[in-house]
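Student: I would like a close look at one part of this model, its interior. Please keep it brisk.

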Amino acid sequence: MTETQKSATLTLNGESYELPIFSPTAGPDVVDIRKLYAQAGVFTYDPGFTSTASCDSTITYIDGDKGELLHRGYPIDQLASKSHYLEVCYLLLYGELPTAAQLEDFETRVTRHTMVHEQMHNFFRGFRRDAHPMATLVGVVGAMSAFYHDSLDVSDPWQREVAAVRLIAKLPTIAAMAYKYSVGQPFVYPRNDLDYAANFLHMCFSVPAEEYHVNPILSRAMDRILTLHADHEQNASTSTVRLASSSGANPFACIAAGIACLWGPAHGGANQACLEMLKEIGTVDRIPEYIARAKDKNDPFRLMGFGHRVYKNTDPRAKVLKQSADEVLELLGVEDNPLLQVAKELEQTALNDPYFIEKKLFPNVDFYSGIILEAMGFPTSMFTPIFALSRTVGWISQWKEMIADPQNKIGRPRQLYLGETKRDYVDIEQR
Ligand code: ACO
């Protein structure tokens, strides 16, 4: 990070303060306010972080106006069409595309870690069968720190590396176990001869009584969904992981915190909420009613899978997923799927409506992913766990980057206090 010749001047109570400016390799300049409180005795105020860069990073870049998403400089559409999930994981974690030998070594390392400690099976059995799989995921991932004591020391780069590989390898197994437990079927062990996406489908859908063959087109679609969700710079769950980790918490605890944040319907929970909304709309003739509700300020209803804090033109991931939805539904012979018809019509109606045009609201990644996942046979409750397992590599890459940074310090925001000022305690008889 290099300071430029440029600076900003803040005038406050007749005093001027020079604030240094940093220029990024892409994106807007950043005004450095770190010394502002010490020098001028004021805080800045930015709830929701709409104008705040919380860290520096070299992993992912988003240009919201252009609708561009780059991982280590590579556009997401190129990665989605030419690469595959584990190669993208390598890219996010280590900064460069791997050579064939590096990729083979990485795949072997991930594959060797796909099984979970056998005692974890008992842990699952403590949950109610009707628990949401995200609730199970938060608990089990947090509990990994009770099982893998040799990768908890965040000051040891080797242990950090082992924790990263363990998390990427075991999340599909844990998510599949949460699903199997919820439907009352036996847990299925991973198969290391299958690729990452195919193995996940195998662990979710095979049963001991029958042979299960993973359809390569479905595993390719699964791999694409994983690739498209792999990282998204400083979103709410990633910032949660970074904040949790700033105190020195262990990696499993930090990723569990990220999963908890992802669950919310304004973030990763939107894919479940979106499909439920499409089902509720049901038929294209009801679309105008829901568009009117989304525009009504007195109605809390929002069009799920629409809008994004950063993208104000298009979400490049949604474009790829729309195409995947067509392919998968055609393959499964359900191209006239009523939900897809509702989704496409809803998208068209919203994109031509002045409210959505003016507010720059476009379909986001969650708009089409649910349709594909449901066609594959997943219940809606599994949509967000699948998002969580794909995002684990992003969280862990950002976590590793943060810990390796010598400037890393505990995150401690300040506040604009609007409560009572100091007052004396009143005895209960006098209140
Ligand atoms: N439907 C209807 N109106 C909307 C929607 C929507 N989906 N999204 C935003 N708006 C309106 C807001 O009401 C607001 O209107 P106003 O200016 O008149 O008050 C304006 O557009 C700006 O919206 P904000 O909520 O201020 O924007 P913010 O950046 O804070 O929120 C968010 C972004 C949370 C994604 C929002 O668009 C939303 O709730 N979308 C639906 C949920 C969703 O799909 N989330 C997934 C996000 S992608 C991801 O996490 C993977």
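Student: Into which domains is the protein chain divided? Please start there, then go into the nonpolar core and the pairs around it.

Tutor: The model is predicted, so local features need pLDDT of at least 70 and side-chain atom pairs count only at pLDDT 80 or more, while totals for chains, interfaces and linings use all residues. Residues are numbered from 1 along each chain as its sequence is written, and side-chain values use heavy atoms, without hydrogens or water.

The protein chain is divided into domain 1 (2-53), domain 2 (75-264 + 382-391) and domain 3 (270-376). These bounds come from an automatic or database domain assignment. Taken over C-alpha atoms, the centres of domain 1 and domain 2 are 38 Å apart.

Now the core. A nonpolar core is a set of buried Ala, Val, Leu, Ile, Met, Phe, Trp, Tyr and Cys residues joined through side-chain atoms within 4.5 Å. Buried means under 20% relative accessible area, exposed means over 50%, and partly exposed lies in between (1.4 Å probe, protein chains only). The largest nonpolar core holds 112 residues. Val-141, Phe-200, Met-222, Leu-278, Leu-303 and Phe-378 touch the most other members. Helix H7 (residues 157-183) gives the largest share, 14 residues. Helices here are DSSP runs (H or I, at least four residues), numbered from the N terminus. Domain 2 and domain 3 each supply at least three residues to this core.

Take Phe-200. Contact means heavy atoms within 4.5 Å. Beyond its neighbours within four places in sequence, Phe-200 is in contact with Pro-172, Ala-175, Ala-176, Met-222, Phe-378, Met-382, Ile-386 and Leu-389.

Val-141 belongs to helix H6 (residues 133-143). The buried residues of H6 are Pro-133, Met-134, Thr-136, Leu-137, Val-140, Val-141 and Ala-143. They pack against helix H5 (120-125), H7, helix H11 (251-262) and helix H18 (383-404).

Next, the rings. Rings of Phe, Tyr and Trp (its six-membered ring) pair if their centres lie within 6.5 Å; planes under 30 degrees apart count as stacked, over 60 as edge-to-face and the rest as tilted. The whole structure has 17 aromatic pairs. Tyr-85 and Tyr-196 make a tilted one, 5.0 Å centre to centre with 40 degrees between the planes. Tyr-85 sits in helix H3 (residues 85-94) and Tyr-196 in helix H8 (residues 196-205), so their pair ties together parts 111 residues apart in sequence. Tyr-85 is buried at 0% relative accessibility. Tyr-196 is buried too, at 10%.

Tyr-90 and Phe-106 have ring centres 5.6 Å apart and planes at 80 degrees, so this pair is edge-to-face. Tyr-90 lies in H3 and Phe-106 in helix H4 (residues 100-112), so the pair ties together parts 16 residues apart in sequence. Both Tyr-90 and Phe-106 are buried. Elsewhere, ring pairs link Phe-306, Tyr-355, Phe-356, Phe-367 and Tyr-368 into a cluster.

Last, the charges. A salt bridge is a side-chain nitrogen of Lys or Arg within 4 Å of a carboxyl oxygen of Asp or Glu. The whole structure has 18 salt bridges. Lys-344 and Asp-326 form one of them, at 2.7 Å from N to O. Lys-344 lies in helix H15 (residues 338-351) and Asp-326 in helix H14 (residues 316-331), so this bridge ties together parts 18 residues apart in sequence. Lys-344 is partly exposed at 28% relative accessibility, and Asp-326 is partly exposed at 31%. Asp-105, Arg-109, Glu-161 and Lys-400 are linked in a network of salt bridges.

Key. Helices (H or I, at least four residues) and strands (E, at least two) are DSSP runs, numbered from the N terminus.
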